[in-house]
Amino acid sequence: MESECKANSFGSYLKGFRIQRQMAIETVAAQTKITVNCLMAMEENAHDRLPPRAYVKSFIRAYADSVGADTEVAINLYLADLELQAATRQQLLKRQAKLVALRRGLMVAGLITSILLFVRYADIFPESKPTPGSASPDRATSSNFSSLPNQTTRRYQADNETPAKQKLRVVALERTLLKIIVDNQHVRSYDLKPEDRLELEGTKTFNLMIGNAKGLQIFFNDAPVKIFGSSDQVVNLKLP
């Protein structure tokens, strides 16, 4: 149905069925024995206001039965939302780690610059003559830091290597809802009709939630992918 095809989250999916049946949220609360605040948090996808996952799944089943929605579709949308949130948190942690590494690099660079300036100043204004056989401060400093440029260059080249691209091609055989998460970035939603085609590229993984197991033909790097399931069955698929 139209509300199912246009749902972007489990909350909007359930709310669409409730509104279509002209049911007040208080009516759903009375039928399911779930508080209005909890139902509103579900409709708004406010995970921080919801109980642990095991309780939320039972609440979703009760809500779906009350408004006539598909329980499995609602739960799969909820799990996809959790996976997206986990990927977002992981990406944030990576950004924070890069910022910490950048700050440390700047501190090290500042320390090296200070040492080089100090050595240069000591060379221009020597306090005493160097003893025979001893290395000059400037020469000693040069030998200690001579390997730094090469190491920096190698690290820069390694960080800028382009990862191999993965290709995903989708051909619709029947009408179906499809959600795809590419490289753990963000959810893309599609309402596919027969003969519709999609071509996507990534560098790590493709996470798919297929609303009709028999509705799609999938090729990963030009190799066909077997989809197990019956017609109108919702399946989750991760490539590679």
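This text leads through the predicted model of one protein chain, from its overall make-up to its helices, its sheet and two individual residues.

The protein chain contains 8 helices and 8 strands. Of its 240 residues, 32% are buried. Sequence separation gives a further view of the fold: among contacts between residues at least 6 apart in sequence, 58% join residues at least 24 apart.

The helices may be approached through α4, which spans residues 36–43. Its buried residues are C38, L39, A41, M42 and E43. A general rule helps in reading such a list: an α-helix has 3.6 residues a turn, so residues three or four places apart point the same way. The buried residues of α4 pack against three other helices, namely α2 (10–20), α3 (25–32) and α5 (53–67). Just after α4, the residue N45 adopts a positive phi of about 55°.

The packing of α4 with α5 deserves a closer look. Two packed helices are described by the angle between their axes and the distance between the axes. For α4 and α5, the angle is about 90° and the axes lie 12 Å apart. Angles of 65 to 115 degrees count as roughly perpendicular, and α4 and α5 are therefore roughly perpendicular to each other. On the side of α4, the contact is formed by C38, L39, M42 and E43, while α5 contributes F59, I60 and Y63. By character, the residues of this contact comprise 6 nonpolar, no polar and 1 charged.

In soluble globular proteins, nonpolar side chains tend to be buried together. Here the largest nonpolar core has 28 residues, and those with the most contacts inside it are F10, Y13, L14, L39, M42 and I60. At least two residues of this core come from each of α2, α3, α4, α5 and α6. The greatest share is that of α6, with 6 residues. As for L39, when residues up to four places away in sequence are not counted, it touches I25, V28, A29, I34 and Y63. Another core lies apart from the largest one; it has 22 residues, among them L168, I180, Y190 and V225.

The strands introduce a second kind of architecture. Strands of a sheet pair through backbone hydrogen bonds, either parallel or antiparallel. In this model, an open sheet of 4 strands follows the order β3-β2-β5-β8, with antiparallel pairing. Strands β3 (187–192) and β8 (235–239) stand at the edges; each has a single partner strand, so one side of each is left without a neighbour in the sheet. On average, neighbouring strands of this sheet are turned by 20° against each other, direction ignored. Within the sheet, β2 (residues 176–182) and β5 (residues 206–210) run antiparallel and are joined by 5 bridges. I180 stands opposite L208 in β5.

Two residues complete the picture. N76 belongs to helix α6, which covers residues 71–124. With a relative accessible area of 10%, N76 is buried, because buried means under 20%. Its contacts, leaving aside neighbours within four places in sequence, are with M209, V234 and N236. Q233, in turn, sits in the loop between β7 (223–225) and β8. Q233 counts as partly exposed, at 35% relative accessibility. Leaving aside neighbours within four places in sequence, Q233 is in contact with I210, G211, N212 and A213. Although Q233 and N212 are 21 residues apart in sequence, their C-alpha atoms are 5.1 Å apart in space.

Terms used: Residues numbered from 1 in each chain as written. Predicted model: local features only at pLDDT ≥ 70, side-chain atom pairs only at ≥ 80, totals over all residues. Heavy atoms only, no water. Pairing = 2+ DSSP bridges. Axes fitted to C-alpha atoms, helices over the stretch in contact; angles between N-to-C directions. Buried < 20%, exposed > 50% of the residue type's maximum accessible area, 1.4 Å probe, protein only. Contact = heavy atoms within 4.5 Å. Core = buried A, V, L, I, M, F, W, Y, C linked by side-chain atoms within 4.5 Å. Parallel < 35°, antiparallel > 145°, perpendicular 65-115°, else oblique. Nonpolar A, V, L, I, M, F, W, Y, C, P; charged D, E, K, R; others polar.
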